[in-house]
Amino acid sequence: MAVIAVLALAALSLASARPLVNGSIPDLVKFADANWNCQDVLCKLPRVHAGTYQPNYACAEFVSRTAAAGGYIPLDPLAAQANYGAFHAGGKVYNLLCCGSKDANPSCHGEPGLADYLVSVGWKATSSVKAGTACFVEGSDGYFSHAQVGVADGLIDAHNSARYHVAIYETVDLLLDPPN
C-alpha cells in the first residue's frame, strides 16, 4: 500500500511539472515583450519607462522567467521568487536570480546560476544575438553581472534598466542559444 502511495505521489508531482521538451522561442519572446517594463513579477505595479531601474525584478530573474515562459526551464514563469532562487535540477541547486558562477555581483557569491543551468541542459555558446539568445554582459557590478534576452536578430529586452528591442549596450561576456 505504501509503495502505491509513493508512486501516486511521484506521478502527481511529475504531472504538475512543466515539461522541458519542445521549447518555444515565440513564447519566450512574447513573455519578454510583455514584461520588459514590469516592476514586479505579476506586473501589478505601474509599468516603468525605458531606462528605469527595477529593483524588485532584476535582470537574471527576468531572463529566467522568460526562458520558463518559453518552456526552457520547468517552472511556472509567475512562480514565487523562492522557486527561482533555489532551483533543483540534475542533483544541483541553481540560483536563477543570479547570472551564474562567474557573476561578479557580490550577492551571488559565485554560486551556480542561470548560465550554468542553461549550459547543463544543452544551450550552446553563439556569437550573435537572435530571438531566444540568453545574453550575459558586463554590468554595473562587473564581469558577467547582467543578463538580457534576445528578441530578434541583434535586439534584446532587459531589466535593470528596462529596455525594449535595443542593441546590446554593454560588453558581451557570453551568448547562449537554446537547444534546437
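1. Start with Val137: in this predicted model, its partner across the strands is His146 of E5. That pair belongs to the antiparallel pairing of E4 (residues 134-139) with E5, which runs over five bridges. The link from E4 to E5 is a hairpin through two residues.

2. On its way out, E5 pairs again. Strand E6 (residues 155-158) sits antiparallel to E5 over four bridges, and here Gln148 has Ala158 of E6 as its bridge partner. This hairpin also has two residues between its strands, and Gly154 is the one to click on: its phi is positive, near 75 degrees.

3. Is E5 mostly covered or mostly open? Mostly covered: E5 spans residues 142-152, and nine of its 11 residues are buried. So when you look at the sheet, keep in mind that E5 has E4 as an antiparallel partner and E6 as another, because strands count as paired here from two bridges up.

4. Now the packing. The largest nonpolar core has 40 residues, and those touching the most other members are Ile73, Phe87, Leu96, Tyr117, Leu118 and Phe136. Helix H2 (25-35), helix H3 (59-69), strand E1 (87-89), helix H5 (114-120), E4 and E5 each put in at least two residues. H3 gives the largest share, with seven residues.

5. There is another core, apart from that one, and it has five residues. Cys135, Ile156, Ala158 and Leu175 are among them. You've met Ala158 already, as the bridge partner of Gln148.

6. Which residues lie closest to the centre of the largest pocket? They are Ala58, Cys59, Asn105, Ser145 and Asn160, out of 22 lining residues. The pocket's volume is about 390 Å³. H3 and E5 are the elements that give two or more residues to its lining, and H3 has the largest share, at three residues. H3 thus turns up in both places, as the top contributor to the largest core and to the lining of the largest pocket.

7. Last, confidence. The chain has a mean pLDDT of 88, with 88% of its residues at 70 or more. The stretch to be wary of is residues 1-20, where pLDDT stays under 50. For that stretch the model has 14 contacts beyond four places in sequence. Where pLDDT is low, the predicted coordinates shouldn't be read in detail, so I'd leave those contacts out of any argument about the fold.

Terms used. Residues numbered from 1 in each chain as written. Predicted model: local features only at pLDDT ≥ 70, side-chain atom pairs only at ≥ 80, totals over all residues. Heavy atoms only, no water. Buried < 20%, exposed > 50% of the residue type's maximum accessible area, 1.4 Å probe, protein only. pLDDT = per-residue confidence, 0-100. Contact = heavy atoms within 4.5 Å. Core = buried A, V, L, I, M, F, W, Y, C linked by side-chain atoms within 4.5 Å. 1 Å grid on protein atoms, 1.4 Å probe; cavity = no way out; pocket = protein on both sides within 12 Å on 5 of 7 lines; lining within 4 Å. Points joined across faces, edges and corners; volume = space filled by probe spheres on them.
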